[in-house]
Amino acid sequence: MAVEIKPLVKPSTFRRRAGLPGECMAEFLGTFVLISFGCGVVAMAVAALPGSGRTEGPTTFFLGAGDWLLITWGWAMAVILGIYVAGGVSGAHLNPAVTLAFAVRRKFSWAKVVPYWVSQVLGALAGAALVYAVYHDAINTFDDAMEGPKTGGHTLASFSIFATFPAPYFHGGIWGPLIDQMVGTAFLVMLVVAIIDLRNTAVKANLGPLVIGFVVAAIGMSFGANAGYAINPARDFGPRLFTWMAGWQDLAFPGSLSGAFSGYWWIPIVGPLVGGVIGVLVYDLFIGDVLHTRAQQGETVPEPGRTRPTTSDDDE
């Protein structure tokens, strides 16, 4: 609705919020929404649905591969909603890998990188805290009913509500999960810059967040099982920090489970940061530079899909 909405406080009181402080507030809130709905859907799948009697048993979840769609589409919608919340103020990076990639290749101010990162991590931590506050009864009941190794009374399955870990077939290795995070985030950033590139076939009006949500769903379906497709350092680090404070202990930091993996906490940070830069460089090398060259050539450039300019004879 296009109506005038009066501010809650006088503009003169918080005039600075029009600049970087306001952008950081938007990044905080957008990431908070992202994590609240993203970790919320995992809490539903892992603990709440089983505990509420809606599955075969109190610890039964993921009976089939199709159940993974609940997670992937839940995270997709979480991304969509977070971007719609913050996009008009900060651009809704909501991801340190996106912020870094934009600073490298999209003239995003380097002075804003660290403030954005801090805002994103704090928003993610707050979102994780909200999910725990809403679902702690379900999570505790689930952990009590689960058998097997526990850390501080918590299980790896309940930890997965908040943060990521590698699949058992990596046997605790580093390179498999690290490459997985680099690849997933490279695709994410490459596709984000393609979607918002007005020189390309960019989406119209305000449909960008919706299409970016589809991208996240596609990555989850195609590259999700290896390491939980964090593809966002704040998305993993903020909730991981919360779980460490809430009692998951070594599962969170240093990210270790005896006989499975150890010192994993840094991989969902470094992998996405490197992958994001690779993604934006690949897009510009293969697509962006071509579009730039065509724009410089002006009217001599053929239409996309044609080998030569259109003439009147082509329409006869």
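A salt bridge is a side-chain nitrogen of Lys or Arg within 4 Å of a carboxyl oxygen of Asp or Glu. By this rule, five salt bridges are counted in the structure shown here, which is a predicted model.

**Figure 1. A salt bridge within helix α8, between Asp236 and Arg240.** The side chains of Asp236 and Arg240 meet at 2.8 Å, taken from N to O. Both residues belong to helix α8 and stand four residues apart, about one turn of the helix. In general, an α-helix has 3.6 residues a turn, so residues three or four places apart point the same way. Asp236 has a relative accessible area of 0% and therefore counts as buried, buried being under 20%. Arg240 is likewise buried, because its relative accessibility is 0%.

**Figure 2. A network of salt bridges linking Arg105, Arg106 and Asp284.** Side chains of opposite charge can pair when their charged atoms come close. In this view, the side chain of Asp284 forms a salt bridge with that of Arg105, with an N to O distance of 2.8 Å. This pair links distant parts of the chain, since Asp284 lies in helix α9 and Arg105 in helix α3, 179 residues apart. Asp284 also forms a salt bridge with Arg106, and the closest N and O atoms of that pair are 2.8 Å apart. Here too distant parts of the chain are joined: Arg106 is in the loop between α3 and α4, whereas Asp284 is in helix α9, 178 residues away. The members of the network vary in their exposure. Asp284 counts as buried because its relative accessible area is 4%. Arg105, at 38% relative accessibility, counts as partly exposed, and Arg106 counts as partly exposed at 28%.

**Figure 3. Helix α9 and its kink at Asp284.** Helix α9 runs from residue 267 to residue 297 and contains 31 residues. The distance from its first C-alpha to its last is 43 Å, close to the 45 Å expected at 1.5 Å a residue. A kink of about 50° is centred on Asp284, the residue that takes part in the salt-bridge network with Arg105 and Arg106. After α9 comes Gly298, which has a positive phi, near 70°.

**Figure 4. The cis peptide bond between Phe253 and Pro254.** The peptide bond that joins these two residues is cis, with an omega of about 10°. Pro254 belongs to the loop between α8, which spans residues 233-246, and α9.

**Figure 5. Positive phi values at Lys107 and Tyr229.** Lys107 is not a glycine, yet its phi is positive, at about 60°. This residue is placed in the loop between α3 (96-105) and α4 (113-145). Lys107 counts as exposed because its relative accessibility is 83%, exposed being over 50%. Tyr229, also a residue other than glycine, has a positive phi near 35°. The loop that holds Tyr229 lies between α7 (208-223) and α8. In contrast to Lys107, which is exposed, Tyr229 is buried, because its relative accessibility is 6%.

**Figure 6. The largest cavity and its lining.** Rolling a probe the size of a water molecule over the atoms shows where empty space is left. The count comes to one cavity of 30 Å³ or more, and about 30 Å³ of space lies in the largest cavity. Its lining is formed by Ala47, Gly51, Pro58, Ala138, Thr141, Phe142 and Ala145. Two helices, α1 (20-51) and α4, each supply at least two of the lining residues. The greatest contribution is that of α4, with four residues. By character, the lining divides into five nonpolar residues, two polar residues and no charged residue.

**Figure 7. Asp143 of helix α4, with His292 as a distant reference.** Asp143 is found in helix α4. This residue counts as buried because its relative accessibility is 1%. The C-alpha atoms of Asp143 and His292 are separated by 55 Å, and the two residues are 149 residues apart along the chain.

Note on methods
Residues numbered from 1 in each chain as written. Predicted model: local features only at pLDDT ≥ 70, side-chain atom pairs only at ≥ 80, totals over all residues. Heavy atoms only, no water. Expected span 1.5 Å × (residues − 1). Bend = angle between axes of the 7 residues up to and from the residue. Buried < 20%, exposed > 50% of the residue type's maximum accessible area, 1.4 Å probe, protein only. 1 Å grid on protein atoms, 1.4 Å probe; cavity = no way out; pocket = protein on both sides within 12 Å on 5 of 7 lines; lining within 4 Å. Points joined across faces, edges and corners; volume = space filled by probe spheres on them. Nonpolar A, V, L, I, M, F, W, Y, C, P; charged D, E, K, R; others polar.
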